[in-house]
Amino acid sequence: MIIEEAQRLAQVKEYYFATKLREIRARVAQGEDIINLGIGNPDLAPSDQTLKTLVNAVVEPGVHGYQPYKGIPALRRAFADWYLSTYGVDIDPEKEVLPLMGSKEGIMHTCMAFLNPGDEVLIPNPGYPTYRSNVDLVGATARPYLLEEEKGWLPDLEALAQEDLSRVKMMWVSYPHMPTGATATREFFIQLVAFAREHKILLCHDNPYSLIMNPDPMSILSVPGAREVAIEFNSLSKSHHMAGWRIGLVAGAEPYLQAILKVKSNMDSGMFMPLQQAAVAALQNPYEWHRQRNEAFKLRRHIGEEILRSLECKVREGQVGMFIWARIPDHIANAQIFSDQILNETSVFLTPGFIFGSAGDRYIRLSLCSPKSQLQQALQRILERQLTQAPS
């Protein structure tokens, strides 16, 4: 006898990468040499000081017990200092900073804290799939808003304002945008905050890519009045190469964070103290550390763009972050077919854009989280494929 699963699971599917990576692992186990350029899993190490702090902290007495749900004061202060030095935003470490065990987990906490069945949530199409799945899991209604390349992958706020938004309670935004690498201007953030205030919508800004090949990192909390209607998620996963450490934060007005804390305190028992101490060290990484990482990504980007152009894809200029988003050739039916074709013919995996929403059907994403040598090898395989397919 098998007990039935909850009805809410009928609204969601297993995460695409969970199933695709299972397939890739099985093929590798059978001897296939697959180059995975699909996942945003940073391969570079955290700073030396971060690692040394962790190693030293784990042997200290008294660090292995439960920790505060709000994180230790030193971590909240480090996040606040980092926001001031990085974004010019002054946030109160006691009231306006809530450390999270990963910002992805915080997305679910937030949906549980604010959404009821019948509430609607504006989610970007294309956009991070977790926004929609978490909205579905809590029984609210996801309402995609279209992003288009011709409009710089920014929402058309004027068009949205003409719609019935009476049931919309929340809107997810993310700039620099994943998967397109598009950036937003301060003027757009000002318009976005005004839109949220007018329609009484909670803006949830997801901001994990702002330090990666982005010359102008911004926080939506820098906009006057934003804290009335906006909260911001950030993470050490991408910017500090600490994806597996699961360290992030949500910043914003105290009432919003208190609501999220109600959920969080019932779902975890605090973050391991040495991880928090190491995160403090990471947040103090000098500008030079980030500059060197960005230089490495720039070199990789050149090869990645060559790979995509060799596949006859079109790459939009001005992208930032650790991915390259490209339009597939017109003669290809869709991105999923294209991705599978490349994988089967060259053993190189690229992410099909359909997983980010219907607006990604004609796009593919390449991750820069692989060494130059591996990217060069992938390029060589693609070029060899082109030669074998060329008419004789």
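1. Start with the loop between β3 and α5, which is where Pro126 lies. The peptide bond leading into that proline, from Asn125, is cis, with omega near 10°. Bear in mind that this is a predicted model, so the angles quoted in this note are computed from predicted coordinates. There is another cis bond to look at: Met178 to Pro179, with omega near 20°. Pro179 is found in the loop between β5 and α7 (186-199).

2. Now for the backbone angles in two other loops. Met213, in the loop between β6 and β7, has a positive phi of about 50° although it is not a glycine. His241 sits in the loop between β7 and β8, and its phi is near 55°, again positive in a residue other than glycine. Are these two side chains buried or exposed? Met213 is buried, at a relative accessible area of 11%, and His241 is buried too, at 5%.

3. On to the sheets. One is open, has 7 strands and mixed pairing, and runs in the order β2-β8-β7-β6-β5-β3-β4. Its edge strands are β2 and β4 (141-146), each of which pairs on one side only. From one strand to the next, the twist averages 25°.

4. Strand β8 (residues 248-251) is worth a look residue by residue. Gly248 and Val250 point one way, Leu249 and Ala251 point the other way, and all of them are buried. On one pairing, β8 runs antiparallel to β2 (residues 97-100) through 4 bridges, with Leu98 opposite Val250. On another, β8 runs antiparallel to β7 (residues 230-235), also over 4 bridges, and here Glu232 stands opposite Ala251.

5. Which way do β6 and β7 run relative to each other, parallel or antiparallel? They are parallel, with 4 bridges joining β6 (residues 202-206) to β7. One bridge pair to check is Asp206 with Phe233 in β7. That pairing sits alongside the antiparallel β7-β8 one, in keeping with the mixed label for the sheet.

6. Two helices to view against this sheet are α5 and α8. Helix α5 (residues 129-137) packs on the sheet and touches β3 (120-125), β4, β5 (168-173) and β6; its direction makes about 155° with that of β4. Helix α8 (residues 254-264) lies across β2, β6, β7 and β8, running at about 30° to β2.

7. Within α5, have a look at Asp136. This acidic residue is buried, with a relative accessible area of 14%. Which residues does Asp136 touch once its neighbours within four places in sequence are left aside? The contacts are Gln11, Val12 and Ala142.

8. There is also an open sheet of 4 strands, ordered β9-β10-β13-β12 and paired antiparallel. Strands β9 (314-315) and β12 (351-352) stand at its edges with a single partner strand each, so one side of each has no neighbour in the sheet. Strand β12 is joined to β13 (residues 363-367) by 2 bridges, and Thr351 stands opposite Arg365. Helix α10 (residues 287-310) packs on this sheet, touching β9, β10 (323-327) and β13, with its direction at about 20° to that of β10. Helix α11 (residues 335-346) packs on it as well, touching β12 and β13, at about 45° to the direction of β13.

9. Helix α11 has a helical partner too. Helix α1 (residues 16-29) packs with α11 at an angle of about 10°, their axes 13 Å apart, which makes the two roughly parallel. The contact brings Lys20, Glu23 and Arg27 of α1 up against Asp340, Leu343 and Asn344 of α11. By class that comes to 1 nonpolar, 1 polar and 4 charged residues.

10. Last, compare α2 (residues 48-57) with α9 (residues 273-283). Their axes come within 8 Å and cross at roughly 155°, so these helices are roughly antiparallel. The crossing is right-handed. On the α2 side the contact uses Gln49, Thr50, Thr53, Leu54 and Ala57; on the α9 side it uses Pro274, Leu275, Gln277, Ala278, Ala281 and Ala282. The class count here is 7 nonpolar, 4 polar and no charged residues, whereas the α1-α11 contact has 4 charged ones.

Key. Residues are numbered from 1 along each chain as its sequence is written. This is a predicted model: local features need pLDDT of at least 70, side-chain atom pairs count only at pLDDT 80 or more; totals for chains, interfaces and linings use all residues. Side-chain values use heavy atoms; hydrogens and water are left out. Buried means under 20% relative accessible area, exposed over 50%, partly exposed in between (1.4 Å probe, protein chains only). Two strands pair if DSSP finds at least two bridges between them. Axes are lines fitted to C-alpha atoms, for helices over the stretch in contact, and angles run from 0 to 180 degrees between N-to-C directions. Angles under 35 degrees count as roughly parallel, over 145 as roughly antiparallel, 65 to 115 as roughly perpendicular and the rest as oblique. A crossing is left-handed if the near helix is turned anticlockwise from the far one by less than a right angle, and right-handed if clockwise. Contact means heavy atoms within 4.5 Å. Ala, Val, Leu, Ile, Met, Phe, Trp, Tyr, Cys and Pro count as nonpolar, Asp, Glu, Lys and Arg as charged, and the others, Gly among them, as polar.
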